[in-house]
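Got the model open in your viewer? Set the protein to cartoon, keep the ligands visible, and let's walk through it one selection at a time.

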Amino acid sequence: QPRGGVERGPDLIRAAGLLNKLREQGCTVKDYGNLAFEEVVDDEPVGRVKCARAVGSANKRLSDAVQAVKREGHTTVMLGGDHSLAIGSIHGHSAAVGELSVVWVDAHADINTPLTSSTGNIHGQPMSYLLHELQSKIPVLPNFSWIKPCVSAKDLVYIGLRDVDPGEHYILKLLGVKVFSMSEVDHLGVPRVMEETCDYLSAKVKKPIHLSYDIDAIDPSVTPATGTPVVGGLTYREGVYITEHLCQTGLLSAVDMVEVNPLRGRTEDDVQSTVSTAVDLLLGCFGRLREGNHSSDYRLP
Ligand SMILES: N/C(=N\O)NCCC[NH3+]
Ligand SMILES: [Mn+2]
Ligand SMILES: [Mn+2]
């Protein structure tokens with residue numbers, strides 16, 4: 001996406017103490033470090049698609065890295081960076097585990113094809129490259145030939161949508177993708193949304209779940225430091241409830257946390273609120289309970 005600053009997300013989330021907080025709640029944590037992406041010069045738009053060569057190359061490296069970490073038996077956490085990185089994260093996850101379910105928590109659907117996108121920014125398109133059902137709508141792009149579609153529309157659920165382009169809405173209806181927009185969140189409440197999400201995804205075969213969390217799913221009053229904020233988002237509590245519910249399924253196999261951008265915060269408090277919320281969402285994915293936690297070897301003094 002075009003706004004600088006999102007590349008600082010991983011180090012800000014680390015600096016907020018993610019690793020130690022995960023360890024304190026009993027997780028075994030290995031930090032694989034930041035991926036070094038190759039500089040691409042003259043990355044001219046291909047049609048309307050911007051930065052195709054850089055994004056394609058970066059996601060290939062990310063896909064290989066996620067696949068390797070999954071093969072070591074971990075649940076992967078990918079810190080963005082913008083949501084175009086879900087291409088590599090989901091692709092690498094699927095290369096390691098085969099068929100998977102995707103829970104996409106976001107204000108946006110990020111399912112524009114290169115031909116429906118009005119901006120050409122790939123962070124609004126990642127799902128289109130991954131869905132089997134859309135492959136006839138994807139043109140050839142430099143450094144994208146390695147991508148094999150790996151998600152079926154029936155295995156994808158959206159939560160939090162409130163800013164969907166016409167082309168995306170057409171695709172979602174055409175493919176019958178399960179969507180819990182903010183209207184359904186308001187109508188049903190998040191507990192019922194999560195029950196229906198999990199029942200829907202495990203109706204046939206229980207598959208590993210890939211949670212792709214765009215921080216802008218949360219209301220901008222809580223997480224303002226992001227590139228495309230949209231009013232009317234999830235509360236902090238709703239956002240955390242989603243992660244707690246997915247954690248207790250035991251099926252959570254990979255998590256993305258993307259679009260944290262410190263340069264989009266007007267104040268330091270804006271940035272800290274955004275970053276600490278991202279940390280708390282991730283802690284919820286890995287067993288943090290608001291009732292409290294204690295380690296299995298805890299003994300009263
Ligand atoms: N945050 C964004 N996607 O989740 N930005 C791109 C949206 C374009 N419709
Ligand atoms: Mn997104
Ligand atoms: Mn978004």
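What follows is a tour of a predicted model, going from the metal site to the strands and then to two helices.

**Stop 1: the first manganese ion**

Start by selecting the manganese ion (ligand 2) and show the side chains around it. Its donors are His 83 (ND1), Asp 106 (OD), Asp 110 (OD) and Asp 214 (OD), at 2.1 to 2.2 Å. Written along the chain, these donors give the spacing H-x22-D-x3-D-x103-D. Pick out His 83 and Asp 110 from that set: His 83 sits in the loop between β1 and α4, Asp 110 sits in the loop between β2 and α5, and the pair is 27 residues apart. Both His 83 and Asp 110 are buried.

**Stop 2: the second manganese ion**

Now add the manganese ion (ligand 3). Which residue bridges the manganese ion (ligand 3) and the manganese ion (ligand 2)? That's Asp 106, and the ions lie 3.3 Å apart. The manganese ion (ligand 3) is coordinated by Asp 106 (OD), His 108 (ND1), Asp 214 (OD) and, listed twice, Asp 216 (OD), at 2.1 to 2.5 Å. Here the spacing of the donors reads D-x1-H-x105-D-x1-D. Since Asp 106 belongs to the loop between β2 and α5 while Asp 214 belongs to strand β5, this pair ties together parts that are 108 residues apart in sequence.

Are these two aspartates buried or exposed? Asp 106 has 0% relative accessibility, so it counts as buried. Asp 214, at 2%, counts as buried too.

**Stop 3: strand β5**

Asp 214 leads you straight to the next selection, β5, residues 209–214. Of its 6 residues, 6 are buried. Color the two faces separately: Ile 209, Leu 211 and Tyr 213 are on one side, and His 210, Ser 212 and Asp 214 are on the other, all of them buried. That every-other-residue pattern is what you'd look for, as side chains in a regular strand alternate between the two faces of the sheet.

Zoom in on Ser 212, which lies in this strand. At 0% relative accessibility, Ser 212 counts as buried. Leaving aside residues up to four places away in sequence, Ser 212 touches His 83, Ala 86, Val 103, Trp 104, Val 105 and Asp 256. You met His 83 at the first stop, as a donor to the manganese ion (ligand 2). For a long-range check, draw a C-alpha to C-alpha distance from Ser 212 to Val 77: they are 135 residues apart in sequence and 9.8 Å apart in space.

**Stop 4: the neighboring strands**

Keep β5 on screen and bring in β2, which runs parallel to β5 and is joined to it by 5 bridges. Trp 104 is the residue opposite Ser 212. Next add β6, residues 252–258. β5 and β6 also run parallel, with 6 bridges between them. Two pairs to label are Ile 209 with Leu 252 and His 210 with Ala 254.

Ala 254 is worth a second click, because tracing its partners carries you on to β1: Thr 76 has Ala 254 as its bridge partner in β6. In total, 4 bridges join β1 (residues 76–79) to β6, and these strands run parallel as well. With 7 of its 7 residues buried, β6 is largely enclosed by the rest of the structure. To see how the chain gets from β5 to β6, show helix α9 (residues 236–249): β5, α9 and β6 make a right-handed β-α-β unit.

**Stop 5: helix α4**

Select residues 86–97 for α4. This helix is mostly covered, with 9 of its 12 residues buried, among them Ala 86, Ile 90, His 91 and His 93. The elements covering the buried residues include α3, β1, β2, α5, β5 and β6. At 1.5 Å a residue, α4 should span 16 Å, and its end C-alpha atoms are 16 Å apart, which agrees. Step past the end of α4 to Gly 98, where phi is positive, near 85°.

**Stop 6: helix α8**

Finish at α8, residues 190–201. Its buried residues are Val 190, Val 193, Met 194, Thr 197, Cys 198 and Leu 201. Look down the axis: they cover an arc of only 125°, which puts them on the same side of α8. An α-helix has 3.6 residues a turn, so residues three or four places apart point the same way. The buried residues of α8 pack against β2, β3, β4, α7 and α9.

Note on methods
Residues are numbered from 1 along each chain as its sequence is written. Chains are lettered from A and ligands numbered from 1 in the order in which they are written. This is a predicted model: local features need pLDDT of at least 70, side-chain atom pairs count only at pLDDT 80 or more; totals for chains, interfaces and linings use all residues. Side-chain values use heavy atoms; hydrogens and water are left out. Buried means under 20% relative accessible area, exposed over 50%, partly exposed in between (1.4 Å probe, protein chains only). Two strands pair if DSSP finds at least two bridges between them. A crossover is right-handed if, with the strands pointing away from the viewer, the path from the first strand over the helix to the second runs clockwise. Donors are N, O and S atoms within 2.8 Å of the metal (3.2 Å for Na, K and Ca); water is not among the atoms, so sites may look incomplete. The expected span of a helix is 1.5 Å times one less than its number of residues. The arc is that of the directions from the helix axis to the C-beta atoms. Contact means heavy atoms within 4.5 Å.
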